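Colleague: I would like a close look at a single part of this protein, and then at how that part connects to its surroundings. Please take me through it step by step.

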Amino acid sequence: MKTSEYTHRFLARLIIEATTPLAVGSGEKDILTDALVATDVNGLPYIPGTAIAGVVRHMIEEVKPTEFDIKQIFGYQDKRDGRGSEIIFTEAKILNSEGKVVDGMNLKAKEDSLLKLYDELPIRQHVRINDKGVSANHGKFDEQVVFAGTRFCFELEMVAKSETIENFNHILAQIQSKQFRIGGGTRSGFGEIEVKELYTRHLDLTEPNELDLYLKKSSNLSESWDGWEKTEAKPSATQGWTEYKLTLTPDDFFLFGSGFGDDEADMTPVKERKVVWDDDFHGHLSEELVLIPATSVKGALAHRTAFHYNRLKERFAGYTGDKEPKVGNENEAVQALFGYEKQEEKKQVRGNLIFSDIIENKAFEDKILNHVSIDRFTGGAIDGALFQEKVTYGKGKTFEFRILANNKAFEGDENVQKAFEAALSDVCNGMLPLGGGVNRGNGVFTGSLTKKEK
């Protein structure tokens, strides 16, 4: 009987927490939303193994370590030539309120105090604003997301010919890096994760006791295994990226709109709940918290970056030819930093900036502001022009925005980085308000900007 040349197994088990909402889409929609998240047989959110493997492979291809053979590790198919993958990713299954993995069909899974609340997941409203300040054509859509704070468990296994584990450790390092994101909208605030617990084990199957231990391991994530050894989770260094941190304080009111009204006002701020875990590894869903969507910050910065790039290139309104200002996806700085899509060319380019949503645990006070438009001749209210907006009062509170920028975006044109940093400075100086109602005095922030190159 021929013995397999792959005599070693490197295994890892990871407990991850979504520090921002996740949007791992199913490709389906319903009457409530344009995009539903993927759910398992129990109707609970999960992350397909293909989603994790795809992100890891893409990140490694970008880093391109000299000792790492992509085709050998992940496999390939080239007509009749090909080979299987040496690494196996499981699906990431959700944890219940007691921190236990829910894997396989479980008719009582949704009786859990936490998981029963996943029948109604948050729905995010999106609208793309053009350079004229109005919604772009076909730019309105919504999508379902998974609560921030949700925890998942998945495992990975690597078959090897020897005890050399550099490739395996490199994969674990990529999963723990700051730029590792899962699902959709990873450049717009979604998909950030943190490794909360890490277990590993290296087995030599030529040893009878280690072979026996390996054969006793179940593929069911909810079942325990005696072979795991707890390992310290160490986030890897962020190479080739620049981290910008904005420490901002609102002057008074700000409004990131929900798109809906309530019994008190016609316009209300968007709020969202998240899963909070205590020291005993028990989770519960918080009350509704103040949300600052990364998409709102990203959109404002994109338009202001285009403005500063045009300024640096001496392109001004009224000019034609080479001096005509370029806006939106036509602007070179926007293309380099924020990505773009050209439907007529069927071309899509992913952005080089990574934003994160902010869901604040701090206590905030809502204030209802009444508005009415006055007829300049009669001095009375214009018919239908009376409305109320509910805004958030944040004076004295501090927010931290962190933005990761891929240094590749700054190569070849120094004005791209200058324009982007000028836009960030405008936010810190109160010259670029954020959110809705900025023409009515909302959304003015002031603070400081720091930059750390990796």
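Which residues of helix H4 (residues 208-215) are buried?

Modeller: Please keep in mind throughout that this is a predicted model. In helix H4 (residues 208-215), the buried residues are Glu210, Leu213 and Tyr214. Viewed along the axis of H4, these buried residues fall within an arc of 100°, so they line one face of the helix. The other side of H4 carries Pro208, Asn209 and Leu215, which are exposed. As for what lies against the buried residues of H4, the covering elements include E1, E8 and E9, and it is worth following these strands outwards from the helix.

I begin with E8, strand E8 (151-160). This strand is mostly covered, with ten of its ten residues buried. In a regular strand, side chains alternate between the two faces of the sheet. For E8, one side holds Arg151, Cys153, Glu155, Glu157 and Val159, the other holds Phe152, Phe154, Leu156, Met158 and Ala160, and all of these are buried, which leaves both faces covered.

Next come the strands that pair with E8. Strands of a sheet pair through backbone hydrogen bonds, in either a parallel or an antiparallel sense. E1 and E8 run antiparallel and are joined by ten bridges; within this pairing, Glu17 has Arg151 of E8 as its bridge partner. E4 also pairs with E8 in the antiparallel sense, here over three bridges, and Ile88 stands opposite Glu157 in E8. Strand E5 (residues 93-94) is likewise antiparallel to E8, over two bridges, with Lys93 standing opposite Cys153. Lys93 has a further partner to look at, since it lies over the face of Tyr46, at 5.0 Å from the ring centre. A similar kind of arrangement involves Lys217, whose charged end sits over the ring of Trp225, 6.0 Å from its centre.

The strands that cover H4 also lead into the interior. The largest nonpolar core has 54 residues, and of these Leu14, Tyr118 and Leu156 touch the most other members. Elements that give two or more residues to this core include strand E1 (8-18), strand E4 (87-89), strand E8 (151-160) and strand E9 (193-204), and also helix H1 (49-63), helix H2 (70-74), helix H3 (166-175) and strand E14 (275-277). Leu14 shows how these parts come together: leaving aside residues up to four places away in sequence, Leu14 touches Phe152, Cys153, Phe154, Leu156, Leu172, Ile175, Val195, Glu197 and Leu198. Apart from this core lies another one, of 43 residues, with Leu291, Leu301, Phe410 and Cys428 among them.

Away from the helix, some other parts deserve a careful look. The structure holds 15 aromatic pairs. In one of them, Phe254 and Phe399 have ring centres 5.7 Å apart and planes at 90°, so the pair is edge-to-face. Because Phe254 lies in strand E12 (residues 253-254) and Phe399 in strand E23 (residues 399-406), the pair ties together parts that are 145 residues apart in sequence. Both Phe254 and Phe399 are buried, and they belong to one aromatic cluster with Phe256, Phe364 and Phe445.

Phe254 is also touched by Asn442, whose contacts, not counting residues up to four places away in sequence, are Phe253, Phe254, Leu255, Glu389, Val391, Pro433, Gly436 and Gly437. Asn442 is placed in the loop between helix H7 (414-428) and strand E24 (445-453), and because its relative accessibility is 2%, it counts as buried.

Two further loop residues can be set beside it. Most residues other than glycine have a negative phi. Lys79, although not a glycine, has a positive phi of about 55°; Lys79 lies in the loop between strand E2 (76-78) and strand E3 (81-83), and at 77% relative accessibility it counts as exposed. Glu314, also not a glycine, has a positive phi of about 60°; Glu314 is in the loop between helix H5 (294-312) and helix H6 (332-338), and with a relative accessible area of 45% it is partly exposed.

Methods: Residues numbered from 1 in each chain as written. Predicted model: local features only at pLDDT ≥ 70, side-chain atom pairs only at ≥ 80, totals over all residues. Heavy atoms only, no water. Helix = DSSP H or I, 4+ residues; strand = E, 2+ residues; numbered from the N terminus. Buried < 20%, exposed > 50% of the residue type's maximum accessible area, 1.4 Å probe, protein only. Contact = heavy atoms within 4.5 Å. Phe/Tyr/Trp six-rings, centres within 6.5 Å; stacked < 30°, edge-to-face > 60°. Lys NZ or Arg CZ within 6 Å of the ring centre and 35° of its normal. Core = buried A, V, L, I, M, F, W, Y, C linked by side-chain atoms within 4.5 Å. Arc of directions from axis to C-beta. Pairing = 2+ DSSP bridges.
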